[in-house]
Amino acid sequence: MPNRQYDDAIRLPDLPAHTSALPADVDRRAFLMRSALVGAVAVINGCSPSNQPQNGTSAAATPPAAPPPLPSVPLSQDLNVVKKAKGPVMTTIDEFYKVGPGPSSSHTIGPMRITYDFYQRCTKLPADQLAKATALKVYLFGSLSATGKGHGTERAALAGIIGKEPATVDPLFLDSLRDKPDQTFTVTLGGKSFPVSLKDVVYDAPKGDFPHPNTMTCKLMAGDQVLLEQEYYSVGGGFIEWKGYQPPKKGQPTYPYSRMADVLEHAKQHKLSIAQIAMANEVAVSGKSEADVHAYIDKVTTAMVNIVKTGLSMPESTLPGPINLKTKAGEVYKRAMDDKFIGQRGVGVVAAYALAGSEENARGHLVVTAPTGGSAGVMPALVYSIGEGGRHLSQEKIREGMLAAAVVGYLCKHNATLAGAEGGCQAEIGVASAMGAAFLAQAHDFEPQVVANAAESSLEHHLGMTCDPVAGYVQIPCIERCSFGAVKAWTGFLIASNEIPANRRVDFDTTVDAMALTAKEMNSKYKETSEGGLAVSLVLC
Ligand code: SF4
């Protein structure tokens with residue numbers, strides 16, 4: 001089993017060796033997790049709140065001053081952690097990491113995937129039908145109609161309907177749709193060509209009896225006659241469905257798990273890394289080969305690297321929207337590289353990489369959901385910092401890291417939530433940071449317990465973080481928050497890889513349960529409504 005021990009060369013993001021003494025009290029975090037969540041979380045875990053020693057801590061070492069536990073809170077059957085904690089994780093990597101235009105997985109990535117899907121369906125129609133085609137039309141309903149203009153939903157939808165693939169569309173093409181909205185494009189289907197423009201994307205009824213708040217209809221027309229029509233739903237996180245949708249048939253996972261404890265048990269029993277467990281399950285559940293899975297991961301990480309590079313290379317500009325927020329990734333990067341203190345340079349550079357990715361999202365350029373559009377700066381910053389932007393680890397190690405990060409993301413999705421609208425920002429940046437910490441630990445060949453501990457540490461220190469985007473734009477606090485998420489991922493990894501793994505007092509599953517409970521109890525003002533926090537405190541003028 002891979003088990004890289006304390007290698008000085010990996011203490012800082014992109015920098016040469018530093019030797020620092022281990023703190024004398026590496027287990028000082030023990031017994032700090034005393035909060036009002038104790039009683040309720042104990043219910044989830046099926047055990048009573050207790051000051052009893054765990055993880056090998058002796059009774060003699062137990063501090064006497066632990067506060068008494070609060071009464072248990074009964075769990076609602078509506079709670080995600082209850083609903084979803086049934087059956088093993090079945091998510092696959094191509095469902096999880098999706099590439100498309102920002103700034104919103106539901107309002108730009110989903111719609112572009114939908115229209116590209118419809119374009120593909122059109123290309124498969126018989127030639128005699130295509131010969132009659134005269135127009136392609138897209139109708140946006142519900143939330144897509146109500147808020148799509150602010151997100152640029154019409155541009156994403158147009159790009160897909162004219163055959164641009166979401167994962168590879170040129171960011172400059174997306175800019176041109178914004179800067180020159182009157183452009184007309186020629187679409188050729190079979191032997192027939194006809195013009196398509198933004199006028200063919202219609203903001204239809206914002207309210208109505210729709211099957212889903214994000215409903216769209218795509219039509220291929222022959223004059224007034226409809227040749228092909230499909231109703232679609234952008235169901236969140238870039239996932240799409242359509243009328244009559246049947247989920248793809250999946251195989252059973254080789255190593256079924258629904259909690260990190262299951263993953264660690266498989267790892268122990270079969271002497272596998274978390275990445276190896278993830279790969280075995282990917283192959284078994286999706287029916288794809290390992291080579292296919294690697295090819296998909298490579299596509300995703302290539303997109304991440306390009307996103308960071310593009311973001312760093314963009315000149316300072318003002319982002320779209322009423323905030324008039326200036327971009328700064330390139331400047332932060334340049335100044336960080338000039339820093340004479342090597343440790344500060346490492347932190348500054350990682351922060352700049354994350355700013356670059358997040359600013360690309362705000363520009364409406366390409367992003368990868370890892371796990372969401374709002375958190376889109378975190379994972380690319382880490383991929384770049386251990387790849388060509390820093391450590392130059394091999395693509396093989398990066399793939400392994402991406403698989404371990406996916407396991408962390410799957411577990412958060414399965415047992416809590418990935419949506420700011422459901423759980424606040426802890427569910428977006430918090431999960432991205434936890435995935436990032438696991439990514440770093442796995443890519444550096446640490447043992448499974450360290451990977452889990454790193455994820456736990458990073459997630460723990462995002463618990464309770466609210467979602468309050470100013471003016472509804474994914475800019476403040478989201479862009480800088482990605483930098484903090486990336487740096488905290490490094491912090492989580494560095495703590496976990498320098499402590500004794502078995503001494504960690506809080507396990508990953510406990511923290512995910514705490515996130516689920518916090519999400520349930522969080523005031524709805526702090527769940528992507530822009531009705532609380534910074535969204536109301538910051539006065540725009
Ligand atoms: S504040 Fe809200 S919109 Fe912004 S990154 Fe966090 S969860 Fe996403």
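1. Just after helix 7, in this predicted model, G163 takes a positive phi of about 95°. Helix 7 itself covers residues 153-161 and lies across strand 2 and strand 5, running at about 145° to strand 2. Nine of the nine residues of helix 7 are buried, so the helix is largely enclosed by the rest of the structure. Among these buried residues are the charged E154 and R155, alongside others such as L158, G160 and I161.

2. The strands that helix 7 lies across, strand 2 and strand 5, belong to an open sheet of five strands, which has the order 5-2-6-7-8 and mixed pairing. Strand 5 (201-203) and strand 8 (239-242) stand at the edges with a single partner strand each, so one side of each is left without a neighbour in the sheet. From one strand to the next, the twist averages 25°. As background for a reader new to sheets, strands pair through backbone hydrogen bonds, and the pairing is either parallel or antiparallel.

3. At one edge of this sheet, strand 2 (residues 135-140) and strand 5 run parallel and are joined by three bridges. One of the residues to look for here is L140, whose bridge partner in strand 5 is Y203. Helix 4 (residues 105-123) also packs on the sheet, where it touches strand 2, strand 6 (215-222), strand 7 (225-236) and strand 8, and the direction of helix 4 makes about 150° with that of strand 7.

4. At the other edge, strand 7 and strand 8 pair in the antiparallel sense over four bridges, and within this pair S234 stands opposite I240 in strand 8. The two strands form a hairpin with two residues between them, and G237 in the turn has a positive phi of about 65°.

5. A second hairpin can be set beside that one: strand 3 (residues 184-189) and strand 4 (residues 192-197) pair in the antiparallel sense over six bridges. Here L189 stands opposite K192 in strand 4, and the hairpin has two residues between its strands, with G190 taking a positive phi near 60°.

6. The turn residue G237 appears again among the contacts of L418, which, leaving aside neighbours within four places in sequence, also include P371, T372, C412, K413, A427, E428 and V431. L418 has its place in the loop between helix 15 (395-415) and helix 16 (420-423). Is this loop residue buried or exposed? With 24 other C-beta atoms within 10 Å, L418 is buried, because the cut-off for that class is 20 or more. L418 and P371 are 47 residues apart in sequence, yet their C-alpha atoms are 6.8 Å apart in space.

7. Helix 13 (residues 342-363) has 22 residues and reaches 31 Å from its first C-alpha to its last, which is close to the 32 Å expected at 1.5 Å a residue. This helix is mostly covered, since 18 of its 22 residues are buried. The residue that follows helix 13 is G364, and its phi is positive, near 85°.

8. C482, which has its place in helix 19 (residues 478-498), touches A354, G357 and S358 as well as S375, G377, V378 and I429, not counting residues up to four places away in sequence. C482 is buried, with 32 other C-beta atoms within 10 Å. Although C482 and G377 are 105 residues apart in sequence, they are 5.2 Å apart in space, C-alpha to C-alpha.

9. Which residues come nearest to the ligand? Of the 13 residues around the ligand, these are G374, G420, C425, C467 and C478. Sorted by class, the shell around the ligand has seven nonpolar, three polar and three charged residues.

10. For the chain as a whole, the model has 21 helices and nine strands, and 50% of the 541 residues count as buried. Among contacts with a separation of 6 or more, 77% are accounted for by residues 24 or more positions apart. The pairs L418 with P371, at 47 residues apart, and C482 with G377, at 105 residues apart, are two places where a reader can follow such distant positions in the structure.

Terms used: Residues are numbered from 1 along each chain as its sequence is written. This is a predicted model: local features need pLDDT of at least 70, side-chain atom pairs count only at pLDDT 80 or more; totals for chains, interfaces and linings use all residues. A residue is buried if 20 or more other C-beta atoms lie within 10 Å of its own, exposed if 12 or fewer, and partly exposed in between; C-beta atoms are placed from the backbone. Two residues are in contact if their C-beta atoms, placed from the backbone, lie within 7 Å. The expected span of a helix is 1.5 Å times one less than its number of residues. Two strands pair if DSSP finds at least two bridges between them. Axes are lines fitted to C-alpha atoms, for helices over the stretch in contact, and angles run from 0 to 180 degrees between N-to-C directions. A residue is near a molecule or strand if its C-beta atom, placed from the backbone, lies within 6 Å of it.
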